[in-house]
Amino acid sequence: MPLTIPVVWSDECLLHEPGGEVWIGRPIPGDEVPERVRRIREVLEAAGAPVVDARAHPDGALLAVHDERLVEFLRTAWEEWEAAGYPADQGQDRVVPYIFPHPDLVGTLEAIVPVSPAARTGFFSFDTMTPVGPGTWRAVRAAADCALTACDLVLEGAAVAYACTRPPGHHVTREAYGGSCYLNNAAIAAARLRANSHARVAILDIDAHHGNGAQSIFADRDDVFTASVHVDPEAGWFPHFLGTARESGAGNLNIPLAPRTGDEGWVAAVARAADATRTVGADALVVALGVDAAAVDPESPLEVSRDGFREGGRLLGNLGLPTVVVQEGGYDLAAIGGLVLASLEGIDEGLHA
Ligand code: SP5
Ligand code: ZN
């Protein structure tokens with residue numbers, strides 16, 4: 001049976017090249033590369049899925065979840081970096097931070113937005129691993145358009161649509177970017193569904209890393225429920241500072257898993273997140289689909305198989321909700337396409353069970 005889920009695509013998503021990202025002060029090759037979505041598309045197309053071009057959407061959809069200062073920073077960061085001479089004078093051809101407004105540096109004062117581009121970067125980014133280069137903004141903006149177009153397809157009656165997009169987004173808060181993410185595509189999609197007739201939207205995040213962005217963005221709203229299944233930050237994993245079960249409450253559910261958790265524990269966690277989504281009475285679903293929980297993935301110690309992703313997908317499809325799937329992480333180029341295909345097939349099977 002061919003895969004009938006529409007795959008939303010934009011060539012512009014290929015324009016962001018991380019180059020070397022800085023980890024523990026050292027440049028290492030970034031693994032959030034354009035080839036990721038090429039591989040996914042190739043596998044989904046071979047499975048028969050129709051590819052749909054992303055449509056442009058106005059900025060209002062971004063400003064529903066992000067502060068205008070972040071959007072303007074990302075739009076202009078590269079040009080200002082270049083104009084300040086960092087590529088020519090310092091040999092640094094990516095926008096990276098060097099100083100951050102630590103909560104105890106500024107205390108009860110309001111941090112200044114720095115005039116120096118290098119310092120300003122630290123106002124908006126929370127790590128050194130999320131560089132901005134010449135093509136970054138166009139890719140980031142196109143990634144949001146892919147998520148929004150997938151929403152359009154679902155609002156027009158598709159049961160499910162998939163945004164085959166990058167760079168990913170789930171670590172981005174209202175005003176801070178990081179974790180290889182720049183704008184929170186899944187949160188933007190959830191806000192879009194809320195603005196268009198869906199009363200209660202759930203974001204279910206199965207990327208291997210905690211979905212801190214949506215948790216933070218929707219913390220004080222009861223119309224968007226957030227749940228995240230991820231490797232336990234308290235066992236030493238990104239994003240390190242949050243993502244514990246203690247942060248769970250009426251509007252948020254965190255399910256941290258021990259390193260080396262495989263199919264059984266991971267699928268049970270996805271089942272719990274799906275049950276919670278049912279309990280809150282969501283009428284639409286956004287899946288933040290990272291496939292970096294796979295055993296082969298270099299960025300996480302979870303050990304989920306392709307069958308595990310298929311089974312997790314079935315549980316999500318079983319919710320029977322209009323579903324927008326947004327691509328997040330997943331860094332093993334040989335495996336990524338098959339893992340996404342298994343997840344989408346699972347969702348499709350669950351929806352029609
Ligand atoms: C979207 C997404 O999955 N973001 C997660 C980014 C996590 N990055 C943490 C990087 C930690 C250092 N990895 C370096 C590997 C060196 N071999
Ligand atoms: Zn991840």
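Me: Which residues coordinate the zinc ion (ligand 2)?

Reply: Good place to start, and keep in mind that this is a predicted model. To read a metal site, look for N, O and S atoms within 2.8 Å of the metal. Here the donors are two OD contacts from Asp207, ND1 of His209 and an OD atom of Asp292, at 2.0 to 2.8 Å.

Me: What spacing do the donors of the zinc ion follow along the chain?

Reply: Their pattern reads D-x1-H-x82-D. Asp207 sits in the loop between strand 6 (201-205) and helix 9 (212-217), while Asp292 sits in the loop between strand 9 (284-289) and helix 11 (306-317), so this pair ties together parts that are 85 residues apart in sequence.

Me: On to ligand 1, then. Which of the 15 residues around it come nearest?

Reply: Those are Gly179, His209, Asp292, Glu299 and Tyr331. You have met two of these names already: His209 and Asp292 also coordinate the zinc ion.

Me: Which side chains have an N or O atom 3.3 Å or 3.0 Å from an oxygen atom of ligand 1?

Reply: For polar contacts, look for pairs of N or O atoms within 3.5 Å. The side chain of His209 places such an atom 3.3 Å from an oxygen of ligand 1, and the side chain of Asp292 does so at 3.0 Å. A nitrogen atom of ligand 1 also has a partner, a polar side-chain atom of His171 at 3.3 Å. As for cover, ligand 1 taken alone exposes 500 Å², and the protein buries 76% of that.

Me: How many nonpolar, polar and charged residues are in the shell around ligand 1?

Reply: Sorted by class, the shell holds 7 nonpolar, 5 polar and 3 charged residues. The space that ligand 1 takes is the largest pocket.

Me: Now the backbone. Which peptide bonds ending in Pro167 and Pro239 are cis or trans?

Reply: Omega is the angle to check. The bond from Arg166 to Pro167 is cis, with omega near -5°, and the one from Phe238 to Pro239 is cis, with omega near 5°. Pro167 lies in the loop between strand 5 (160-163) and helix 8 (185-195); Pro239 lies in the loop between strand 7 (224-231) and strand 8 (252-257).

Me: What is the phi of Ile24, and where is this residue?

Reply: Ile24 has a positive phi of about 40°, although it is not a glycine. You will find Ile24 in the loop between strand 2 (20-23) and strand 3 (26-29).

Notes: Residues numbered from 1 in each chain as written. Chains lettered and ligands numbered in written order. Predicted model: local features only at pLDDT ≥ 70, side-chain atom pairs only at ≥ 80, totals over all residues. Heavy atoms only, no water. Near = heavy atom within 4 Å. Polar contact = N/O pair within 3.5 Å; in protein donor to acceptor, adjacent residues only side chain to side chain. Areas by Shrake-Rupley, 256 points an atom, 1.4 Å probe, with all protein chains shown as cover. 1 Å grid on protein atoms, 1.4 Å probe; cavity = no way out; pocket = protein on both sides within 12 Å on 5 of 7 lines; lining within 4 Å. Sits in = over half its atoms within 2 Å of the grid points. Nonpolar A, V, L, I, M, F, W, Y, C, P; charged D, E, K, R; others polar. Donors = N, O, S within 2.8 Å, 3.2 Å for Na, K, Ca; no water. Helix = DSSP H or I, 4+ residues; strand = E, 2+ residues; numbered from the N terminus.
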